[in-house]
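Q: Could you take me through this structure one feature at a time, giving the general idea before the particular case?

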Amino acid sequence: MNTSVKNLSALIRERRSVRKYDPEFNIPRPEIIDILKEATLAPSSSNLQPWKFIVIQDQETKKELRAIANNQEQVETSSAVIAVLGDKEMYRNGEKVYRSAFEAGFMDEANMGRMIEGTNKLYPAAPVEARANIASFDAGLVSMQLMLIAKERGYDTVPIGGFNKQQFIEKFNIDDRYMPIVLIALGKAAVPGHQTTRLPIEDVVEFI
């Protein structure tokens, strides 16, 4: 078996949702930036990358966030909480995304122009709900990738969906363009991660 495939399989199997962290352990900001940079290699609709991240490391702010997140301990004791936001106006990234691809030699100028024009016609005309669904899906992809990358680097994570999103929006002055999707606690486990089982694959797969 290819070594890289074997390593990925091990990471997937070893990743656990960790809810108790070593509060004295800190992850340097450059390391978090590297994790996020690699995570954003995840695929997205039309490569518009409809995500934004708020990295919360300040201890007092984490304490306040804990109250918003149903008093979950991991919010306060983790090294950082990464809030993943979905961008409902992802089309605004289009020109920057496609011009960057053109400058990197991945597309010619004519194709760049067509992509920018098509994006500016298609996405703004789509219902907000449809754009929100796209942003939520793509934010899920980048979030899973982030957690696996963190595990590969020796860190632990847990995704947190149980938080008051309206209070989060108000606390962090989130623009209407963005919507909070998930909080990801990141740090060093103080106890082993949560163990679970999965439904038999036969229960969830159908071949046609």
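The dialogue below turns to a pocket, to aromatic rings and to one strand residue.

A: Before we begin, please keep in mind that this is a predicted model.

Q: How many residues of each class make up the lining of the largest pocket, and what is its volume?

A: Rolling a probe the size of a water molecule over the atoms shows where empty space is left. Here the largest pocket has a volume of about 270 Å³, and its lining consists of Ile12, Arg13, Arg15, Arg16, Ser17, His194, Thr196, Thr197 and Arg198. Sorted by class, that lining holds 1 nonpolar, 4 polar and 4 charged residues.

Q: How many aromatic pairs are there, and how should I read the geometry of Phe25 and Tyr155?

A: Ring pairs are read from the distance between centres and the angle between planes, where under 30 degrees counts as stacked, over 60 as edge-to-face and the rest as tilted. The count comes to 3 aromatic pairs. For Phe25 and Tyr155 the ring centres are 6.1 Å apart and the planes stand at 55 degrees, so this pair is tilted. It links distant parts of the chain, since Phe25 is in the loop between helix H1 (3–14) and helix H2 (29–39), while Tyr155, 130 residues apart from it, is in the loop between helix H7 (128–152) and strand E3 (156–160).

Q: Which of these, buried or partly exposed, describes Phe25, and which describes Tyr155?

A: Buried means under 20% relative accessible area. Phe25, with a relative accessible area of 25%, is therefore partly exposed, whereas Tyr155, at 11%, is buried.

Q: What kind of pair do Phe163 and Phe168 form?

A: Their ring centres lie 5.8 Å apart with the planes at 70 degrees, so the pair is edge-to-face. Both Phe163 and Phe168 are buried, and ring pairs join Phe163, Phe168 and Phe172 into a cluster.

Q: Which lysines lie over the face of a ring?

A: Lys52 lies over the face of Tyr178, at 4.8 Å from the ring centre. Lys188 lies over the face of Phe25, at 5.4 Å from the ring centre, and Phe25 is the residue already described as tilted against Tyr155.

Q: Where is Thr157 placed, and what is it in contact with?

A: Thr157 belongs to strand E3 and, at 3% relative accessibility, counts as buried. Leaving aside neighbours within four places in sequence, Thr157 is in contact with Arg16, Ser17, Val18, Tyr21, Met147, Ala150, Ile184, Ala185 and Leu186. Arg16 and Ser17 are also among the residues that line the largest pocket.

Notes:
Residues are numbered from 1 along each chain as its sequence is written. This is a predicted model: local features need pLDDT of at least 70, side-chain atom pairs count only at pLDDT 80 or more; totals for chains, interfaces and linings use all residues. Side-chain values use heavy atoms; hydrogens and water are left out. On a 1 Å grid over the protein atoms alone, a cavity is a set of points where a 1.4 Å probe fits but cannot get out, and a pocket is an open set with protein on both sides within 12 Å along at least five of seven lines; lining residues have an atom within 4 Å of a point. Grid points are joined across faces, edges and corners, and a volume is the space filled by probe spheres set on the points. Ala, Val, Leu, Ile, Met, Phe, Trp, Tyr, Cys and Pro count as nonpolar, Asp, Glu, Lys and Arg as charged, and the others, Gly among them, as polar. Rings of Phe, Tyr and Trp (its six-membered ring) pair if their centres lie within 6.5 Å; planes under 30 degrees apart count as stacked, over 60 as edge-to-face and the rest as tilted. Helices (H or I, at least four residues) and strands (E, at least two) are DSSP runs, numbered from the N terminus. Buried means under 20% relative accessible area, exposed over 50%, partly exposed in between (1.4 Å probe, protein chains only). A charge sits over a ring if NZ of Lys or CZ of Arg is within 6 Å of the ring centre and within 35 degrees of the ring normal. Contact means heavy atoms within 4.5 Å.
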